[in-house]
Amino acid sequence: MPQKRRISLRTLLSLFLVLVLIPATILLGVFVLQDRAYYFISLLLIVYTMLPFLLLFEKRKPQARELVVVAVLCAIAVAGRAAFFMIPQVKPVMAVVIITGVALGPQAGFLTGAVSAFVSNFFFGQGPWTPWQMFCFGIAGFLAGLLFRKGRLRAGRVSLSVFGGLATLVIYGGIMNPASLLMGSAKLTWGAVVTSYAAGLPMDLIHAASTVVFLLVLAKPMLEKLTRIQVKYGLLRESS
């Protein structure tokens with residue numbers, strides 16, 4: 001069950017990273033580095049997402065099994081994206097990221113989303129879109145974990161499916177569509193932004209619908225397994 005807690009230092013740091021530092025770094029890569037250093041920007045984003053974990057381990061020795069669980073979830077997301085590569089926009093990544101955020105906390109959700117996008121693009125192709133995808137998947141996992149910790153989101157399949165569909169449509173599609181204009185060196189006019197949303201809407205709807213289906217199928221069994229692991233081994237107890 002979600003527990004309402006005061007916002008911790010780690011969560012405040014995470015909010016600053018997610019809402020300020022990471023978007024500023026991505027825009028630095030676009031406008032200053034001209035999208036030519038996307039590997040460097042992507043690695044910076046991963047470093048940023050590791051900072052809250054360093055705070056978690058500040059007062060105690062990190063346990064390998066805590067990092068292994070996050071690594072396994074990243075591997076599941078990457079493998080799932082590769083498994084459905086022939087079907088455009090039908091990918092379980094968003095579903096896995098949201099489940100991770102709910103089960104292990106907002107920081108783990110963001111890290112899983114960012115790393116999954118970065119690693120899977122070694123198969124699908126790296127480019128200036130990689131930092132944007134890392135941010136989109138990451139912020140969806142972060143919000144899922146934060147809303148669950150604050151009692152605003154339930155762990156039921158229907159609740160998570162609705163959130164997943166909206167997050168995919170509003171966050172992923174809402175950011176990636178205008179980002180494509182920046183990556184294409186187009187001017188950000190209202191007409192161009194509206195056109196990008198209209199052109200991307202069909203694929204966004206497919207992506208959102210597939211996320212809903214994956215959450216309906218995966219949410220309950222994965223959350224049950226992750227909860228058992230967390231309770232048995234005491235994993236990431238201070239993650240929120």
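What pattern does the protein chain follow, read along the sequence? The answer is α-α-α-α-α-α-α-α, and the views below visit several of these elements.

**View 1. The whole chain is a predicted model with eight helices and zero strands.** Helices here are DSSP runs of H or I with at least four residues, strands are runs of E with at least two, and both are numbered from the N terminus. Of the 240 residues in the protein chain, 50% count as buried; buried means under 20% relative accessible area, exposed means over 50%, and partly exposed is in between, using a 1.4 Å probe and protein chains only. Residues are numbered from 1 along each chain as its sequence is written. Since this is a predicted model, local features need pLDDT of at least 70 and side-chain atom pairs count only at pLDDT 80 or more, while totals for chains, interfaces and linings use all residues; side-chain values use heavy atoms, with hydrogens and water left out.

**View 2. Confidence in the protein chain has a mean pLDDT of 85.** pLDDT is the predictor's confidence in each residue, on a scale from 0 to 100. In this chain, 86% of the residues reach 70 or more. Among the elements, helix α2 (residues 38–56) has the lowest mean pLDDT, 78, and α4 has the highest, 94. Where pLDDT is low, the predicted coordinates should not be read in detail.

**View 3. Helix α4 covers residues 93–104.** Its 12 residues reach 16 Å from the first C-alpha to the last, close to the 16 Å expected at 1.5 Å a residue. The expected span is 1.5 Å times one less than the number of residues in the helix. How many residues of α4 are buried? The count is 12 of the 12, so α4 is largely enclosed by the rest of the structure. Among these buried residues are Val-93, Met-94, Thr-100 and Leu-104. Just after α4 comes Gly-105, with a positive phi near 110°.

**View 4. Helix α5 (residues 106–124) packs with α4.** α5 has 19 residues and spans 26 Å from its first C-alpha to its last, close to the 27 Å expected at 1.5 Å a residue. α5 is mostly covered, with 15 of its 19 residues buried. Two packed helices are described by the angle between their axes and the distance between the axes. For α4 and α5, the angle is about 155° and the axes are 6 Å apart. That makes α4 roughly antiparallel to α5; angles under 35 degrees count as roughly parallel, over 145 as roughly antiparallel, 65 to 115 as roughly perpendicular, and the rest as oblique. Axes are lines fitted to C-alpha atoms, for helices over the stretch in contact, and angles run from 0 to 180 degrees between N-to-C directions. α4 passes α5 in a right-handed crossing: the near helix is turned clockwise from the far one by less than a right angle, whereas anticlockwise would be left-handed. α5 is followed by Gly-125, whose phi is positive, near 115°.

**View 5. Helix α7 (residues 157–183) meets helix α8 (residues 190–233).** Their axes come within 7 Å and cross at roughly 150°, which makes α7 roughly antiparallel to α8. By class, their contact has 16 nonpolar, 11 polar and three charged residues. Ala, Val, Leu, Ile, Met, Phe, Trp, Tyr, Cys and Pro count as nonpolar, Asp, Glu, Lys and Arg as charged, and the others, Gly among them, as polar. α7 passes α8 in a right-handed crossing. Val-158 lies in α7 and is exposed, with a relative accessible area of 61%. Val-158 and Leu-215 are 57 residues apart in sequence and 8.4 Å apart in space, C-alpha to C-alpha.

**View 6. Gln-89 sits in the loop between α3 (64–83) and α4.** Gln-89 is not a glycine, although its phi is positive, about 70°. Is Gln-89 buried or partly exposed? At 24% relative accessibility, Gln-89 counts as partly exposed.
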